[in-house]
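Morning, everyone. I have one model to show, and I will keep it short. Here it is on the screen.

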Amino acid sequence: MVPVIGGLVSFVIALLIGGLAIFISARAIVDVDDYRHAVITALLGAIAWALTSWVPLIGPLIALVVWVGVINWRYPGGWGTAGAIGLIAWLAALGIIFVANSLLSLGIGAFGIPGV
């Protein structure tokens, strides 16, 4: 029972961090100020990534396009804006994870942000 609870807590923390990174990015790029929307976007992006990244050879590229597509669907602007939101979210997630893991030694990632 304890490993399940630990896994659930890790998942929730990682999802909230991924949502925070998207929130920061969307706030900076398109001036959307809705953390709940960002967390749902992180969850949908992670599901989209999981469903497409397994394709041999080109899976990660397809998954990246689909992940940016989720951002494009959830936020105003076009593909360029969505790509900018994704890039800034990725950088924000790296910074958040670095600080969180340095200060708290949690060893967690950011759910919903590829490669973090």
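I will go from the overall fold to the surface, and then to two residues.

A word on origin: this is a predicted model.

Start with the fold. How many helices and strands does the protein chain have? Four helices and zero strands. Follow the sequence and the pattern reads α-α-α-α. The radius of gyration is 14 Å, and the globule rule gives 13 Å for 116 residues, so the protein chain is as compact as a globular protein of that length. As for dimensions, the C-alpha trace spans about 45 × 35 × 20 Å along its principal axes.

Now the packing. Take the contacts in the protein chain with a separation of 6 or more. Residues 24 or more positions apart account for 55% of them. On burial, 37% of the 116 residues count as buried.

Next, the outside. The protein chain exposes about 6,500 Å². What share of that comes from carbon and sulfur atoms? They supply 77%.

There is a nonpolar patch on that surface, of about 810 Å². Its members are L8, F11, V12, L16, L20, I24, Y35, L43, I47 and L51. Which elements give two or more residues to the patch? Helix 1, residues 2–30, and helix 2, residues 35–52. Helix 1 gives the most, with six residues.

Let me pick out one patch member. I47 sits in helix 2. Is I47 buried or exposed? Partly exposed, with a relative accessible area of 42%. Patch residues need over 30%, and I47 is in the patch.

Now to L44, also a helix 2 residue. The relative accessible area of L44 is 29%, so L44 counts as partly exposed. The patch cut-off is over 30% relative accessible area, so at 29% L44 does not qualify.

What does L44 touch, leaving aside residues up to four places away in sequence? The partners are V70, W73 and R74. I71 belongs in this part of the story too. L44 and I71 are 27 residues apart in sequence. In space, their C-alpha atoms are 9.1 Å apart.

To recap. The protein chain is four helices with zero strands. Helix 1 and helix 2 each give two or more residues to the nonpolar patch. L44, in helix 2, touches V70, W73 and R74.

That is my part. Over to you for questions.

Definitions and conventions. Residues are numbered from 1 along each chain as its sequence is written. This is a predicted model: local features need pLDDT of at least 70, side-chain atom pairs count only at pLDDT 80 or more; totals for chains, interfaces and linings use all residues. Side-chain values use heavy atoms; hydrogens and water are left out. The radius of gyration is taken over C-alpha atoms; the globule rule is 2.2 Å times the number of residues to the power 0.38. Buried means under 20% relative accessible area, exposed over 50%, partly exposed in between (1.4 Å probe, protein chains only). Contact means heavy atoms within 4.5 Å. Accessible areas come from the Shrake-Rupley method with a 1.4 Å probe; for residues, only the protein chains shown count as cover. Patches are made of residues with over 30% relative accessible area and no salt bridge: like charges are joined within 9 Å, nonpolar side chains (Val, Leu, Ile, Met, Phe, Trp, Tyr) within 5 Å. A salt bridge is a side-chain nitrogen of Lys or Arg within 4 Å of a carboxyl oxygen of Asp or Glu.
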